Amino acid sequence: MTEIQYKWATLGTGVIANELAQAMEALGGKLYSVANRTYDKGVAFAEKYGIEKVYKEIDQVFDDPEVDIIYISTPHNTHINYLRKALAAGKHVLCDAQ
């Protein structure tokens, strides 16, 4: 049986994004890319978890053909906008809710 590898991106670098990165590492995987409002925070997050790609602009994650799934962990008032962009780009989405 062939194992399917999905490329995950996180949109946001907060507490829950860190928990996702740690959970993926515990399962033997890792995030493919990270997008964040602040590029420097995205770079620091990528360095912490060995993530290969950091976007200079958030919207670049939606256009990346390598990304299969986007995890949205930004402030709640931004979720719907990012969710719509991700779905319009044909991405699968995981979005935290409160």
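**Exercise 1.** Which residue is the bridge partner of A9 in strand 4? Place that pair within the sheet of this predicted model.

*Solution.* Begin with the pair itself: A9 has I70 as its bridge partner in strand 4. Next, turn to the two strands concerned, where strand 1 (residues 8-11) and strand 4 run parallel and are joined by four bridges. Then follow strand 4, residues 69-72, to strand 5, to which four bridges also join it, again with the two strands running parallel. Two of the partners in strand 5 can be named, since I69 is matched with H92 and Y71 is matched with L94. Finally, set these pairings in the whole arrangement, an open sheet of five strands in the order 3-2-1-4-5 with parallel pairing. Strand 3 (53-54) and strand 5 (92-95) each have a single partner strand and stand at the edges, so one side of each has no neighbour in the sheet.

**Exercise 2.** Determine how the residues of strand 4 are distributed over its two faces, and whether those faces are covered or not.

*Solution.* Recall that in a regular strand the side chains alternate between the two faces of the sheet. In strand 4, I69 and Y71 lie on one side, while I70 and I72 lie on the other. All four of these residues are buried, and both faces of strand 4 are therefore covered.

**Exercise 3.** Characterise the packing of helix 1 against helix 2 by angle, axis separation and handedness, and then describe the residues that form the contact.

*Solution.* Take the geometry at the outset: helix 1 (residues 15-26) and helix 2 (residues 39-49) pack at an angle of about 20 degrees, and their axes are 11 Å apart. Because angles under 35 degrees count as roughly parallel, helix 1 is roughly parallel to helix 2. The crossing of the two helices is right-handed. On the side of helix 1, the contact is made by A17, N18, A21, Q22 and E25, which meet F45, K48 and Y49 of helix 2. Sorted by character, the residues of this contact comprise four nonpolar, two polar and two charged.

**Exercise 4.** For the loop residues L31, D64 and S73, establish where each one sits, and decide whether each is buried or exposed.

*Solution.* The cut-off needed here is a relative accessible area under 20% for a buried residue.

- L31 belongs to the loop between helix 1 and strand 2 (33-35), and its relative accessibility of 3% makes it buried. Beyond four places in sequence, L31 touches W8, A9, T10, L20, A21, M24, F45 and I51. L31 and K53 are separated by 22 residues in sequence, with a C-alpha to C-alpha distance of 9.2 Å.
- D64 lies in the loop between helix 3 (60-63) and strand 4, and with a relative accessible area of 5% this residue is buried. Apart from neighbours within four places in sequence, the contacts of D64 are Y32, K53, Y55 and K91.
- S73 occurs in the loop between strand 4 and helix 4 (79-88), where a relative accessible area of 13% leaves this residue buried. When residues up to four places away in sequence are not counted, S73 touches T10, L11, G12, T13, A17 and D96.

Definitions and conventions: Residues numbered from 1 in each chain as written. Predicted model: local features only at pLDDT ≥ 70, side-chain atom pairs only at ≥ 80, totals over all residues. Heavy atoms only, no water. Axes fitted to C-alpha atoms, helices over the stretch in contact; angles between N-to-C directions. Parallel < 35°, antiparallel > 145°, perpendicular 65-115°, else oblique. Left-handed = near helix turned anticlockwise from the far one by under 90°. Contact = heavy atoms within 4.5 Å. Nonpolar A, V, L, I, M, F, W, Y, C, P; charged D, E, K, R; others polar. Pairing = 2+ DSSP bridges. Buried < 20%, exposed > 50% of the residue type's maximum accessible area, 1.4 Å probe, protein only.
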